[in-house]
Structures are given as structure tokens and as C-alpha cells.
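Morning, everyone. I have one structure to show you today. Please take a look at the screen.

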Amino acid sequence: MVAKKYNKTTLKKFRELLLSERRQIVEDLDYQKSELNKTITDGTGELSSATYHMADVGTDMAEREKTSMFAHRQAKYLSDVDEALGRVDNETYGVCIICGDLIEEGRLIAAPIAKYHVPCKETQNQRNHNQ
Ligand SMILES: [Zn+2]
């Protein structure tokens, strides 16, 4: 049985897609990082000047939490994208890692880091739920 895989032209197209996705994430992360630093600086100034602004500080902290969670997610996504680029290189990209079938091109365009095709993804989700 010959392993299924996408042809080089298609793989090249997805490499482009992943690379542009990657650029976007790096930009977002840089932006988030500068925002995070700004918030920390502002928060400190706020604390020393007026304690009755505690509510505001709380909001700032929640905001900071949100930003850092977002940055965390982006960093995770970045490593997923890098992983996917690795799969493009060894020509296993677009192949469901569970059943070895090709993942539909439309799904890959919508979710370029997809590792499972839809039926296997659903099985996987159910498994995660049960954990
Ligand atoms: Zn599958």
C-alpha cells in the first residue's frame, strides 16, 4: 500500500499559507509583548499614586492576564505551525495522523495546522472530553 500524500505543488501552496500564518503570529506576539510591558508600567504608576483606584488596578490585572493568556495561546499556535511546516518538509503534511487518509484541502485551508481529518478529529475530541 502506497502512503497517501499531497503532491509537491499542493505542499508548496500550504507552505506559503503556513509561512504567512507564521508571520502574522509573530507580529501579533510582538504587539502583545509591547502591550504587556506598557500595562505593567502603567499599573505600577497607578499603584503608587492612588490606592482608591484599586478597582482600576484589578481591571488592569485582568486585562494583563487576558493578554498573557492570548500570548500563550499564540505561542502554542506558533509551535503548531512550525510542526506543520516540518510535516510539509517530510511530505506528511495533510495526512491524517490517525488513519493515514488525506485531510480535505478545504479543511486545511481553514485550519492549516490540522493533523486529523474531520471524523478522526471528532473521535479525538470525544476522547479529550472523557479525560
Ligand atoms: Zn483520519
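**The core first**

Let's start in the middle. Eleven residues form the largest nonpolar core: Tyr-6, Phe-14, Leu-18, Val-81, Ala-84, Val-88, Tyr-93, Val-95, Ile-103, Leu-108 and Ala-114. Two helices, α1 (8-49) and α2, each put in at least two of these residues. Which helix gives the most to this core? That is α2, with three residues. As background, nonpolar side chains in soluble globular proteins tend to be buried together.

Stay with one core member, Tyr-6. What does Tyr-6 touch, leaving out residues up to four places away in sequence? Its partners are Leu-11, Tyr-93, Gly-94 and Leu-102. Of these, Tyr-93 also belongs to the core.

Now step back. This is a predicted model. The protein chain has four helices and zero strands. Read from the N terminus, the order is α-α-α-α. The chain has 131 residues, and 11% of them count as buried. Now the contacts between residues at least 6 apart in sequence: 63% of them join residues at least 24 apart.

How confident is the predictor? The mean pLDDT of the protein chain is 86. A value of 70 or more is reached by 83% of the residues. Among the elements, α3 has the highest mean pLDDT, at 95. The lowest belongs to α1, at 82.

Next, two glutamates. Take Glu-65, which lies in helix α2. Is Glu-65 buried or exposed? Glu-65 counts as exposed, because it has 10 C-beta neighbours inside 10 Å, and the cut-off for exposed is 12 or fewer. Leu-36 is 29 residues away from Glu-65 along the chain, yet their C-alpha atoms are separated by 9.3 Å.

The other is Glu-91. Where is Glu-91 found? Glu-91 sits in the loop between α2 (54-89) and α3 (105-110). Its backbone stands out: phi is positive, about 60°, and Glu-91 is not a glycine. Most residues other than glycine have a negative phi. Glu-91 has 14 C-beta neighbours inside 10 Å, so it counts as partly exposed.

To close, keep two pictures in mind. One is the eleven-residue core, with α2 as its main contributor. The other is Glu-91, with its positive phi, in the loop between α2 and α3. Thank you.

Notes. Residues numbered from 1 in each chain as written. Predicted model: local features only at pLDDT ≥ 70, side-chain atom pairs only at ≥ 80, totals over all residues. Buried ≥ 20, exposed ≤ 12 C-beta atoms within 10 Å, placed from the backbone. Contact = placed C-beta atoms within 7 Å. Core = buried A, V, L, I, M, F, W, Y, C linked by C-beta atoms within 7 Å. pLDDT = per-residue confidence, 0-100.
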